[in-house]
Amino acid sequence: MRPGVDVRNRHASKRRQKNPAGFTLLELTFALACAALLVGIAIPAYSRFVARARTAAAIADIGKIHLAIDSYRTNSNDVPPPDLASIGMAAMLDPWGRPYAYLSFNGLKGKGAMRKDKNLVPINTEYDLYSVGPDGDSVPPLTAKPSQDDIVMANDGGFIGLASDY
């Protein structure tokens, strides 16, 4: 035996050489737990981002349709169009793949079909324009549960946004 060489270190280094390099089961479990935690945080955040982006797209579309209706009214003695086809926007779909809802009040008898606020007062004076939102369901009062996720135009264009925010 050479002087200065520790027998215990020599055996320990031989043991280390026999074990293959790699990860232990505990290290792999920890890495998988971290990845699962990150995915668990990322998926709901991404879903909220997509929902906000779709809402913003519907608000922009309703604003564009509102401008087209105002242009039509300028050229037709301040009368709103009978439908969205009259302004070339009948084929326009909301971000959830449904057509935008439009109701002209010209010739309408009663206020039953008009969109209404919490006091059951119509939210517009000439026409209603809205998207039924992600659930695809809607009823005239904005306070009703099916209407809470609708994207509406109210105050004759002064407000465009979520019905729950109105």
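The exercises below work through the sheet, the cores and the aromatic rings of this structure, each with a solution in steps.

This is a predicted model, in which local features need pLDDT of at least 70 and side-chain atom pairs count only at pLDDT 80 or more, while totals for chains, interfaces and linings use all residues. Residues are numbered from 1 along each chain as its sequence is written, and side-chain values use heavy atoms, with hydrogens and water left out.

**Exercise 1. Work out the order of the strands in the open sheet, and state which strands stand at its edges.**

Step 1. Strands are DSSP runs of E with at least two residues, helices are runs of H or I with at least four, and both are numbered from the N terminus; two strands pair if DSSP finds at least two bridges between them.

Step 2. Strand β1 (residues 101-104) and β2 pair in the antiparallel sense over 4 bridges; within this pairing S104 is the bridge partner of Y127, and L103 is that of D128.

Step 3. β2 is also joined to β3 by 2 bridges, again antiparallel, and here Y130 has V152 as its bridge partner.

Step 4. The 4 strands therefore give an open, antiparallel sheet in the order β1-β2-β3-β4. β1 and β4 (159-162) stand at the edges with a single partner strand each, so one side of each lacks a neighbour in the sheet.

**Exercise 2. Decide whether the residues of β2 are buried or exposed, and describe which way they point.**

Step 1. Buried means under 20% relative accessible area, exposed means over 50%, and partly exposed lies in between, with a 1.4 Å probe and protein chains only.

Step 2. Of the 5 residues of β2, 5 are buried, so the strand is largely enclosed by the rest of the structure.

Step 3. Y127, L129 and S131 point one way from β2, whereas D128 and Y130 point the other way.

**Exercise 3. Identify the element that gives the most residues to the largest nonpolar core.**

Step 1. A nonpolar core is a set of buried Ala, Val, Leu, Ile, Met, Phe, Trp, Tyr and Cys residues joined through side-chain atoms within 4.5 Å.

Step 2. The largest such core has 16 residues, of which I65, I69, L84, I87, Y100 and L129 touch the most other members. Two or more residues come from each of α2 (25-75), β2 (127-131) and β3 (151-154), and α2 gives the most, with 5 residues.

Step 3. A second, separate core of 9 residues includes A101, I123, V132 and A154.

**Exercise 4. Find how many aromatic pairs there are, and classify them.**

Step 1. Rings of Phe, Tyr and Trp (its six-membered ring) pair if their centres lie within 6.5 Å; planes under 30 degrees apart count as stacked, over 60 as edge-to-face and the rest as tilted.

Step 2. By this rule the count is 2 aromatic pairs. The rings of Y102 and Y127 have centres 5.6 Å apart and planes at 45°, so this pair is tilted; it links strand β1 to strand β2 across 25 residues.

Step 3. The rings of F159 and Y166, with centres 5.2 Å apart and planes at 45°, also make a tilted pair.

Step 4. Y102 and Y127 are both buried, whereas Y166 is partly exposed, with a relative accessible area of 35%.
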